[in-house]
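Subject: Structure handover

Hello,

I am passing on the structure we talked about. Please keep it open while you read the notes that come after it.

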Amino acid sequence: MKYALLIYDNEKNWALADDAARTEAYAQHGRFTAMLEERGAVRGGEELAPTDAATTVRDDGGGEFILTDGPYAETSEQLGGFYLVEAADLDEAIEYAKALPGAVVEVRPVVDHPAQ
Amino acid sequence: MTHPAEQAYRAHYGRLLALLAGEHRSLDVAEEALADAYAKAVATWRPGHAPDNPAAWLLTVARRAATDRWRRQATAMRKLPLLITDDDTTAPSGTGPVPDERLRLIFTCCHPALAPAARVALTLRYITGLRTREIARLFLVTEATMAARLTRAKKKIATAGVPYRVPAAADLHERLDTVLHVVYLVFTEGYKATEGAALTRDELADEAIRLAAVVAELMPGERDVSALRALMLLQHARRDARTDTDGDLVRLSEQDRSAWHRHDIDEGLRLLAHARRGTGESRFLIEAQIAAAHATAATPDDTDWDRISALYARLEQRTGSPVVRLNRAVAVAEAQGPAAGLALLEGLDTALAGHHMLPAARAELHTRLGQRAQAHAAYTAAIALAGTDTERRWLASRREAVS
């Protein structure tokens with residue numbers, strides 16, 4: 001099964017991190033990716049820019065769009081990046097999530113659309 | 001007399017469901033096929049004359065029903081997410097006409113990715129075979145609510161890819177702990193259900209004890225399983241002495257000990273002896289030893305409070321729970337006097353804010369120290385926080401005594 005690992009963290013921590021801390025964080029992600037590659041489990045993933053760069057576009061239902069500055073939900077932890085991984089089952093996906101740096105990881109199955 | 005189909009339901013449901021779910025990789029298909037088979041049994045078995053091998057009969061009919069269902073609803077069912085199984089674990093375990101695959105069903109129902117209430121509902125529904133309306137009654141919710149809870153949980157198992165298998169050895173202990181907590185949750189839910197009938201309470205406790213026996217049968221030798229069974233049996237042995245004829249709670253020190261179930265106590269002590277072999281001490285093992293210390297005291301005065309205090313201290317160290325600290329304070333008050341107990345209650349106010357047990361315990365200890373004004377005030381605080389009429393009545397009568 002394919003799973004999305006959605007990484008949530010407090011953006012302040014990242015903004016305040018010094019160079020050494022950032023280098024270490026990227027090294028952790030590098031090791032994580034290497035581990036996934038070894039298992040042939042990588043299906044994608046990206047780091048997202050902080051939410052102060054986000055724009056939320058909302059359909060008001062009447063054909064108009066309302067644009068707001070900022071993320072969809074103002075929470076203390078924000079989505080900061082994601083991986084797409086191939087795992088045998090939820091247990092394996094949870095094992096990957098535990099190996100990820102980041103405060104909170106949400107594990108979501110990706111809907112499989114078989115070829116008709 | 002119970003219809004033979006009903007007897008067979010209770011005796012074989014979990015086993016049959018576990019096997020069919022693996023074969024068809026769907027809890028829904030297994031459940032519906034089994035319902036068809038039992039309906040057919042009710043219609044065709046003459047009372048007193050079940051087939052020689054009811055389980056094998058039911059399995060054959062259910063397998064046919066499942067196959068029919070797949071054929072009739074092929075298009076719709078192709079879209080269903082299937083349970084994830086390992087082919088190498090589908091090898092039959094155990095002997096007899098129906099291989100016993102309940103262990104993987106238990107681990108799936110008690111998966112930590114499911115909400116605790118969902119784990120409890122699934123386990124009661126599929127392992128013990130309780131019907132949805134029965135589980136709803138035991139948990140004081142409507143049948144529709146319980147049905148929705150079960151449907152949601154089943155859907156999550158299938159769509160999130162919760163595997164249908166016994167966890168790998170490395171994770172087994174941690175996962176077994178989750179299973180045991182589900183069992184204990186069923187048990188304590190029974191003890192908590194003070195608003196329900198006493199009968200309901202005992203039924204839930206019985207189910208929990210039955211469930212633990214199934215786990216013990218499937219994982220023989222697991223000391224933690226024995227510890228939990230011992231704990232539940234030693235507590236459940238007191239069921240008939242816990243309430244008086246009006247349904248009011250009777251405190252341990254005032255219970256008629258001749259009403260305790262001797263057989264349960266003996267069995268509990270035997271299991272405890274097994275659980276204590278080897279090293280390491282789980283939370284359940286400490287709690288079982290506390291229950292045993294009470295169960296083996298012939299009179300309240302014979303209670304070994306020093307030992308109970310020491311056990312609570314170890315349990316507090318392990319769990320850091322404020323409720324355990326409160327129980328420890330009560331035990332220490334018995335062993336060393338009320339002042340020592342009161343001292344241990346210091347610092348619990350924030351953690352136990354809103355709980356009547358804390359002011360109730362304080363009131364009791366102030367009473368023993370002859371501090372009537374403080375006792376009176378603490379009883380008043382406890383009454384304001386008590387959750388049930390039974391508790392309020394009891395506290396009010398105690399307050400009366402110090403007025």
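The notes below go through chain A, then the contact between the chains, then chain B.

Please bear in mind that this is a predicted model.

Chain A

Chain A holds three helices and six strands. Read from the N terminus, the order of its elements is β-α-α-β-β-β-β-α-β. Along the principal axes, its C-alpha atoms fill a box of roughly 50 × 50 × 20 Å. The chain has 116 residues, and 15% of them are buried. Taking contacts in chain A between residues at least 6 apart in sequence, 76% are between residues at least 24 apart.

The sheet

Four strands of chain A form an open sheet in the order β2-β5-β1-β6, and the pairing is antiparallel. At the edges are β2 and β6 of chain A, each of which pairs on one side only. From one strand to the next the twist averages 20°.

The pairings can be taken across the sheet, starting from β2(A). Five bridges hold β2(A), residues 42–47, to β5(A), residues 77–86, and these two strands run antiparallel. Within this pairing, Gly44(A) has Leu84(A) of β5(A) as its bridge partner, and Gly45(A) is opposite Tyr83(A). β5(A) also pairs with β1(A), again in the antiparallel sense, over nine bridges. Here Lys2(A) is opposite Glu86(A) of β5(A). On the far side of the order, β1(A) and β6(A) are joined by six bridges and run antiparallel. Tyr3(A) has Pro109(A) of β6(A) as its bridge partner.

How well is strand β2 of chain A covered? Hardly: none of its six residues is buried.

Helix α3 and the loop before it

Helix α3 of chain A lies across β1, β5 and β6 of the same chain, and runs at about 155° to β6(A). The helix covers residues 90–99, and its buried residues are Leu90(A), Asp91(A), Ala93(A), Tyr96(A) and Ala97(A). What do the buried residues of α3(A) pack against? They pack against β1 (2–10), β5 and β6 (104–109) of chain A, together with α8 (143–160) of chain B.

Ala87(A) is in the loop between β5 and α3 of chain A. A residue is counted as buried when 20 or more other C-beta atoms lie within 10 Å of its own. Ala87(A) has 24 C-beta neighbours inside 10 Å, and therefore counts as buried. Leaving out residues up to four places away in sequence, Ala87(A) touches Met1(A), Tyr3(A), Ala41(A), Glu92(A), Ala93(A) and Tyr96(A). Ala87(A) and Val42(A) are 45 residues apart in sequence, with their C-alpha atoms 9.5 Å apart in space.

Between the chains

Six residues of chain A are in contact with seven residues of chain B. On the chain A side, four of these are nonpolar, two are charged and none is polar.

Chain B

Chain B has 19 helices and zero strands. Its C-alpha trace spans about 80 × 45 × 40 Å along the principal axes. Of its 403 residues, 40% count as buried. Among contacts in chain B between residues at least 6 apart in sequence, 62% join residues at least 24 apart.

The largest nonpolar core has 127 residues. The residues with the most contacts inside this core are Leu17(B), Leu20(B), Ala62(B), Val183(B), Ala208(B), Leu234(B) and Ala288(B). Helix α1 of chain B, residues 4–24, gives the most to the core, with 10 residues.

Leu234(B) touches Ile265(B), Gly268(B), Ala288(B), Ala291(B), Ala292(B) and Ala295(B), leaving aside residues up to four places away in sequence. Among these, Ala288(B), Ala291(B), Ala292(B) and Ala295(B) are listed with the buried residues of helix α13 of chain B.

Why is α13(B) described as largely enclosed by the rest of the structure? Because 12 of its 13 residues are buried. They include Arg283(B), Glu287(B) and His294(B), as well as Phe284(B), Leu285(B) and Ile286(B). The length of α13(B), residues 283–295, also agrees with what is expected: at 1.5 Å a residue its 13 residues should span 18 Å, and its end C-alpha atoms are 18 Å apart.

Regards

Note on methods. Residues are numbered from 1 along each chain as its sequence is written. Chains are lettered from A and ligands numbered from 1 in the order in which they are written. This is a predicted model: local features need pLDDT of at least 70, side-chain atom pairs count only at pLDDT 80 or more; totals for chains, interfaces and linings use all residues. Two strands pair if DSSP finds at least two bridges between them. Two residues are in contact if their C-beta atoms, placed from the backbone, lie within 7 Å. Ala, Val, Leu, Ile, Met, Phe, Trp, Tyr, Cys and Pro count as nonpolar, Asp, Glu, Lys and Arg as charged, and the others, Gly among them, as polar. Axes are lines fitted to C-alpha atoms, for helices over the stretch in contact, and angles run from 0 to 180 degrees between N-to-C directions. A nonpolar core is a set of buried Ala, Val, Leu, Ile, Met, Phe, Trp, Tyr and Cys residues joined through C-beta atoms within 7 Å. The expected span of a helix is 1.5 Å times one less than its number of residues.
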